[in-house]
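Work through the exercises below with the sequence and the 3D structure at hand. Each task is followed by a solution in steps.

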Amino acid sequence: MLYWIFLFVVVLIAVAAGIRLAMDNKASKPSTTRTARVAMVAAVYVVLCLVLAPFSFGAIQVRVAEILTLMPIFGAEYIAAVTVGCFLSNLMGVAMGTTAAVDIVFGTVATLLACLVTYQLRNIRWKGLAIPASIPPVIFNALIVGPEIAIFFSDSPATLPLIAWNAFTVGVGEVISCMILGVLFARIVESTPALLKAVRA
């Protein structure tokens, strides 16, 4: 019971922080352009998850859509974009029978927390690459989604070795999606003036 109360409080704090960060500093309402970008990124996340569904769900997964978890380095509005995209993807995953309803909560919370921390690391580079910003999605998904899979989706009892194994496999998938593909994606955007202008306009 205390665990669920703690999780609920964490979600509330994270959502409040995400909303505050996503607000425009100059105006109380986001611009039409920013709203359109949020919708587009959320839609791209969903499409990538559904098109690559066999790789997007399950204990061993490489969710290519997680490349977009690096988008918050280009603006706070992408925290909401990626979180909404993850929520909708998991919702559709439940409808398709590829995941369970519990993933809507845990997967979305992991993505939200990861995006919040990635945003805080947005200006830090290692050898010119956004590697530090790519680490939070790996950590949060490994620590939240990994145990979730072991506890709710496994036919075996959720033993510590099984939880650790699932955390490891989810983490490896996130390393591929975020620390390799995501960092490459961020580098391409940063080195292409037209793309950089488009994501920050």
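**Exercise 1.** Find which residues of α7 meet which residues of α8, and describe how the two helices pack.

*Solution.* Step 1: I188, V189 and E190 in α7 meet L195, L196 and V199 in α8, where contact means heavy atoms within 4.5 Å. The model is predicted: local features need pLDDT of at least 70, side-chain atom pairs count only at pLDDT 80 or more, and totals for chains, interfaces and linings use all residues. Residues are numbered from 1 along each chain as its sequence is written, and side-chain values use heavy atoms, without hydrogens and water.

Step 2: Helices are DSSP runs of H or I with at least four residues, numbered from the N terminus. Helix α7 covers residues 160-190 and helix α8 residues 193-200; their axes are 6 Å apart, at an angle of about 100°. Axes are lines fitted to C-alpha atoms over the stretch in contact, and angles run from 0 to 180 degrees between N-to-C directions.

Step 3: The angle makes α7 roughly perpendicular to α8, a label for 65 to 115 degrees.

**Exercise 2.** Explain why C115 is not bonded to C86, and say whether C115 is buried or exposed.

*Solution.* Step 1: A disulfide is a pair of cysteine sulfur atoms within 2.5 Å. The whole structure holds zero disulfides.

Step 2: The closest cysteine sulfur to that of C115 is in C86, 8.5 Å away, which is too far for a bond.

Step 3: C115 is buried, at a relative accessible area of 0%; buried means under 20%, with a 1.4 Å probe and protein chains only.

Conventions:
Parallel < 35°, antiparallel > 145°, perpendicular 65-115°, else oblique. Buried < 20%, exposed > 50% of the residue type's maximum accessible area, 1.4 Å probe, protein only.
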